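Reader: I have a new structure open and don't know my way around it yet. Can you take me through it?
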Protein chains: 2
Amino acid sequence: MAGEFDLIARYFRPLAGPEGLGLADDAACLTVPDGHELVVTKDLIVEGVHFVGDEPAADIAWKALAVNLSDLAAKGANPTHYFVGLSLPKGAPEAWIADFAAGLKACQEPFGIQLAGGDTTASTGGVTLSITAMGTVPSGGMIRRGGAQVGDDVYVSGTLGDAALGVKMVQGRLDASEGLVRRYRKPTPRVALGQALRGVASACADVSDGLLADLGHICAASAVGARVDQSSLPLSEAVAALVGQDSELWPSVYAGGDDYELVFTASASNAGALERIAVDCGVQLTRIGVVEQGGGCHLVDSSGNLVQSGQQGYQHF
Amino acid sequence: MAGEFDLIARYFRPLAGPEGLGLADDAACLTVPDGHELVVTKDLIVEGVHFVGDEPAADIAWKALAVNLSDLAAKGANPTHYFVGLSLPKGAPEAWIADFAAGLKACQEPFGIQLAGGDTTASTGGVTLSITAMGTVPSGGMIRRGGAQVGDDVYVSGTLGDAALGVKMVQGRLDASEGLVRRYRKPTPRVALGQALRGVASACADVSDGLLADLGHICAASAVGARVDQSSLPLSEAVAALVGQDSELWPSVYAGGDDYELVFTASASNAGALERIAVDCGVQLTRIGVVEQGGGCHLVDSSGNLVQSGQQGYQHF
């Protein structure tokens, strides 16, 4: 295989914007426009933990960048730059790296973000990926987790449970549906929606750990509670059919995670604005509940009985 | 062991500045002062590649942060924030995390940098660490690799070869000297010096891959060559004694890496300014060569005979 410096030049330099200085310096130099702040997020993606390892490298790259873009979307940020740390087994074929870079390219282009730097190293185990992504917001404009107010409505974008049921399909525990597996492997971060929600949403998070967990984070940070109506949760046709056949699959919808939709709160006075945003962004927005006094978030059925209380999502330790 | 969220609250939140939002949001929100740019660097540190694994966790943390601070120093940046990604085997004891956080604290305080976010995940192999560090420079003030001019002098800070011989000691290939092992395990990034070199150095890099490799990067980026006099290379007493006994150890001095000194070029007219900077920063600065036309950097002995030509440093693949 070509040397480290050749690989960087061949596969990663074409992904870099001018701030990356050709990926030939020790650091990148970024300008933040006057009147703007920088929003920064960082995620580690580990083989055997976040992915199996036999996925196409392009899909691994897409997902690694997409989950960071999703964090930026939840903050209302306009994505600008990202940095990649790639730790790779010594025997990794050059074709893997080429495919990986192609996946980054496919994901960066529609969302207007460019590579600005990074680091490549050998690994003694599997692949570990670290992405740091940055975006800008007008100063003071970042949507936080802590802004939900009692009486606000709770909304979620798109549909829920697709990715969690897609995982079961990848694991052979359900018959495969291409659409759901794709939702799991190549999630679409809600970048345009997140920016449109600045000044409209009072709090926002992306659904990475699961709806109740992520809404629970909003409740905890905002010192409020939330009630979510199970019957209002937006389902794709495929997921609706599956939970219709087997109600044991319902937790995949409200606690499954990996959908990378946005869950957010907004004052009822913004309902009209949200209808327009849904049309402009081409994304379904569904009102699923309300913000209440008290802690935690509670999922209730159509009779008002508690189905599940919010709990922390996946914990690594 | 406590859960992931508890561990973050207990050990990492105390390291965070206000921009980290209590490490409870999806992202950090940073302000870059008007008239300044943001300098960003990222390094991955992998168990079994960059460290053995049986080092004290505090030393691993120190080095991981220090090498990023060294990259910022080489660019003349004032360090402000860093992000940590930590991938950890499931059985890792909480005491390891506590010690790791203590090492970060010890390193962040003298250099005025604060934690702003990150990610913790399980690993299936050993520990992998990813640090992204940021600093600011006045707009246009970043020292680049590509600014060396023919006729400039070449300088290096501190002494060379300590860390590379420290590695041999850790490996049991040389009798141990506490000072050299410490230089390898707990390098001191030249943060104040780097900032003082803004507007004085024409190009700069930190000595991570080895003097000739890192100066070679400057030469390549600047489209110049360099001649370095072996007899002028600054040595600690311990290293001078070792290479005096065994001249086979000389490559550790000029090609060994891990010293995290700064190698830089400057116009001869800045010699006086550099003398004052050395005093102000309390760092020895040594003129070790000159920038010439032509490519590559060449180490010559006192008779002018070529000892070694610059080559690329450690390559991971």
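Author: This is a predicted model. A place to begin is the contact inside chain A: between domain 1 of chain A and domain 2 of chain A there are six residue pairs in polar contact, both residues at pLDDT 80 or more.

Reader: Which elements of domain 1 of chain A touch domain 2 of chain A?
Author: Helix 2, strand 3 and strand 5 of chain A each supply at least two residues of that side. Helix 2 of chain A gives the largest share, ten residues.

Reader: And by class, what is on that side of domain 1 of chain A?
Author: Twelve nonpolar, four polar and five charged residues.

Reader: How many salt bridges are there across that interface?
Author: One. K63(A) pairs with D258(A), and their closest N and O atoms are 3.2 Å apart.

Reader: Where do the domains start and end?
Author: The domain assignment puts domain 1 of chain A at 4–138 and domain 2 at 145–309. Their C-alpha centres lie 27 Å apart.

Reader: How much area do those two domains bury?
Author: About 1700 Å² between them, with 59% of it on carbon and sulfur atoms. On the domain 1 side, W62(A), K63(A) and S70(A) lose the most area, together 27% of what that side buries.

Reader: Switching to the two chains, how much do chain A and chain B bury?
Author: About 5400 Å² between them, 58% of it on carbon and sulfur atoms. The count of salt bridges between chain A and chain B is zero, while 16 residue pairs are in polar contact, both at pLDDT 80 or more.

Reader: Which strands pair across the chains?
Author: Strand 1 of chain A pairs with strand 2 of chain B, antiparallel, over three bridges. Within that strand of chain B, V40(B) is the bridge partner of A28(A).

Notes: Residues numbered from 1 in each chain as written. Chains lettered and ligands numbered in written order. Predicted model: local features only at pLDDT ≥ 70, side-chain atom pairs only at ≥ 80, totals over all residues. Heavy atoms only, no water. Buried area = accessible area lost by both parts, 1.4 Å probe. Salt bridge = Lys/Arg side-chain N within 4 Å of Asp/Glu carboxyl O. Polar contact = N/O pair within 3.5 Å; in protein donor to acceptor, adjacent residues only side chain to side chain. Pairing = 2+ DSSP bridges. Helix = DSSP H or I, 4+ residues; strand = E, 2+ residues; numbered from the N terminus. Domains from an automatic or database assignment. Nonpolar A, V, L, I, M, F, W, Y, C, P; charged D, E, K, R; others polar.
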